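Work through the exercises below with the structure open beside the text. Each task is followed by a solution in steps.

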Amino acid sequence: MRFDELDVKPQIQKALAKMGYEALTPVQEQTLPHILAGWDLVALAETGSGKTAACAVPLVQSVDPAKRTVQALILVPTRELALQYVTEISQIAQYTDIESFAIYGGFSMAIQMGKLDHGVHILVATPGRLIDMLYNTSLRLADVRTLVLDEADEMLNQGFEQDVEFIFSCLVHKHQTLLFSATMPPEIKHLTQKYLDNPVVVELTKDHAAPTSLEHCFVWLNPHDRLNRLLELIETEKPTQAILFCNSRHGCETLFDHLKKKIESVEMIHGGQDQNKRTSLFRRFKKQQIHYMIATDIAARGLDFAHTSHVINYDFPQSAEAYTHRTGRTARMGRKGRAITFCTPRDIQRLKTVLRQNKIEPVWLGEAPDLSSPKRGKKTASKNRSRQQAGEKNKQGKRRRPREKNKPSTQ
Ligand code: AMP
């Protein structure tokens, strides 16, 4: 299906043509017409599949620019994702009078409220900041006709479950709800059953949990060999652009200190950096001014890096879901990509889970472990648990905010 076959405003058609969007992606084809028709929707969609535009086109189509109130609300787990969403909406709305805006923590609430007072139709928000603004400013959600929850599973992973439920429960009037998630844990099913009204369910990840253009490579090694193997891989693979994942901020910093002495154009991004720094790093990486980005899961979540040819899991991901999200940073929109995951003896159980749950046929670069053994792979490798490894435990932790008892009025 092509965008020019859709029954949407000519201004939207003009913008889509300018953006170079001609054919709908599979996710767009299966979700966009339902969203336009006003149905509630749950979509399990691959990352990088075009789900932002699948939502943004119907939102720009449905809001009334003459009414200067928030009519669509999009909840996202991170600031970067909020900025990315707003950029896509502004492009699609460039020939209309529709204003979109993002609110997130780490930035003045007064300034954000000033912008909202001037009239914002589509609001993208992280849950924590939205709730703060509902309590402390005149922001109201009475005119919201569409509520979108994006990256729902990650929202819960970050401890936003109560916040999300709270926001859902604030919208008591009739509205459309759209929920996008890469995975469907029980908590999301619960949210769907409780708050969505007879939703259309679209499962694009059912038969292949990750983009098919993605090759899943693994490297079996001792922990203290990781840096050297990484340098070798950089030499042999020659990535156009790569994201190197670590499980903790400390791990990022250690790797960054080592790598910056050996290679050029390497930066790191993690939740401990201030907002301006992170935004600038994202922009530079997106413009390909940075070749290698060392990142934690939170920092790189959901972002669209069109040119990333490689994702390297320097630390083995904490869960099968984290593996899906990390490796979804490459092979976007059908482009080819390689995920290379370092796997040490202590990761063997998680490796088995990742391979089973994500239905992956691993490509081993070099030696392969014996996965038939019930406990672990090669005994020789399992003896080597280095001090470095011991110091790289995840320090990110889960985020929980204490909730006040009284709800603010949203009307
Ligand atoms: P998303 O999954 O929404 O992050 O989108 C991934 C990338 O695909 C972004 O760079 C979008 O701008 C781009 N994109 C989305 N839909 C289309 C389309 N129909 N044609 C071409 N590019 C698209």
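Buried means under 20% relative accessible area, exposed means over 50%, and partly exposed lies in between. The model is predicted.

**Exercise 1. Find how Phe-3 and Tyr-21 are covered, and describe their ring pair.**

Step 1. Tyr-21 has a relative accessible area of 26%, so Tyr-21 is partly exposed. Phe-3, with 2%, is buried.

Step 2. The structure holds seven aromatic pairs. One of them is formed by Phe-3 and Tyr-21, with ring centres 6.1 Å apart and planes at 35 degrees, so this pair is tilted.

Step 3. Phe-3 lies in the segment before helix H1 (10–19), while Tyr-21 lies in the loop between H1 and H2; the pair therefore ties together parts that are 18 residues apart in sequence.

**Exercise 2. Classify the ring pair of Phe-218 and Tyr-323, and place both residues in the chain.**

Step 1. A pair of aromatic rings is described by the distance of the centres and the angle of the planes.

Step 2. For Phe-218 and Tyr-323 the centres are 6.0 Å apart and the planes are at 10 degrees. Planes under 30 degrees apart count as stacked, so the pair is stacked.

Step 3. Phe-218 belongs to strand E8 (residues 214–220) and Tyr-323 to helix H14 (residues 320–327), so the pair ties together parts that are 105 residues apart in sequence.

Step 4. Phe-218 and Tyr-323 are both buried. Ring pairs join them with Trp-364 in a cluster.

**Exercise 3. Which residues of helix H2 are buried, and what do they pack against?**

Step 1. In H2 (residues 26–36), the buried residues are Val-27, Gln-28, Thr-31, Leu-32 and Ile-35.

Step 2. They cover an arc of only 105 degrees around the axis, so they lie on the same side of H2.

Step 3. Their packing partners are strand E1 (41–44), helix H3 (51–62), strand E6 (176–181) and strand E7 (200–203).

Step 4. After H2 comes Gly-38, with a positive phi near 95 degrees.

**Exercise 4. Describe the side chains of strand E5 and the strands that E5 pairs with.**

Step 1. In a regular strand the side chains alternate between the two faces of the sheet.

Step 2. In E5 (residues 146–149), Thr-146 and Val-148 point one way, and Leu-147 and Leu-149 point the other way. All of these residues are buried.

Step 3. Strand E2 (residues 72–75) runs parallel to E5, and four bridges join them. Ala-72 has Thr-146 as its bridge partner in E5.

Step 4. E5 and E6 also run parallel and are joined by four bridges. Here the bridge partner of Leu-149 is Leu-179 in E6.

**Exercise 5. Where is Ser-138, and which residues does Ser-138 touch beyond four places away in sequence?**

Step 1. Ser-138 is found in the loop between helix H6 (127–136) and E5.

Step 2. A relative accessible area of 49% makes Ser-138 partly exposed.

Step 3. Beyond four places away in sequence, Ser-138 touches Met-113 and Asp-117. Between Ser-138 and Asp-117 there are 8.9 Å in space, C-alpha to C-alpha, and the two are 21 residues apart in sequence.

**Exercise 6. Summarise the whole chain.**

Step 1. The chain has 17 helices and 14 strands.

Step 2. Of its 411 residues, 57% count as buried.

Step 3. The exposed area is about 18,100 Å², of which carbon and sulfur atoms supply 49%.

Definitions and conventions:
Residues are numbered from 1 along each chain as its sequence is written. This is a predicted model: local features need pLDDT of at least 70, side-chain atom pairs count only at pLDDT 80 or more; totals for chains, interfaces and linings use all residues. Side-chain values use heavy atoms; hydrogens and water are left out. Buried means under 20% relative accessible area, exposed over 50%, partly exposed in between (1.4 Å probe, protein chains only). Helices (H or I, at least four residues) and strands (E, at least two) are DSSP runs, numbered from the N terminus. The arc is that of the directions from the helix axis to the C-beta atoms. Contact means heavy atoms within 4.5 Å. Two strands pair if DSSP finds at least two bridges between them. Rings of Phe, Tyr and Trp (its six-membered ring) pair if their centres lie within 6.5 Å; planes under 30 degrees apart count as stacked, over 60 as edge-to-face and the rest as tilted. Accessible areas come from the Shrake-Rupley method with a 1.4 Å probe; for residues, only the protein chains shown count as cover.
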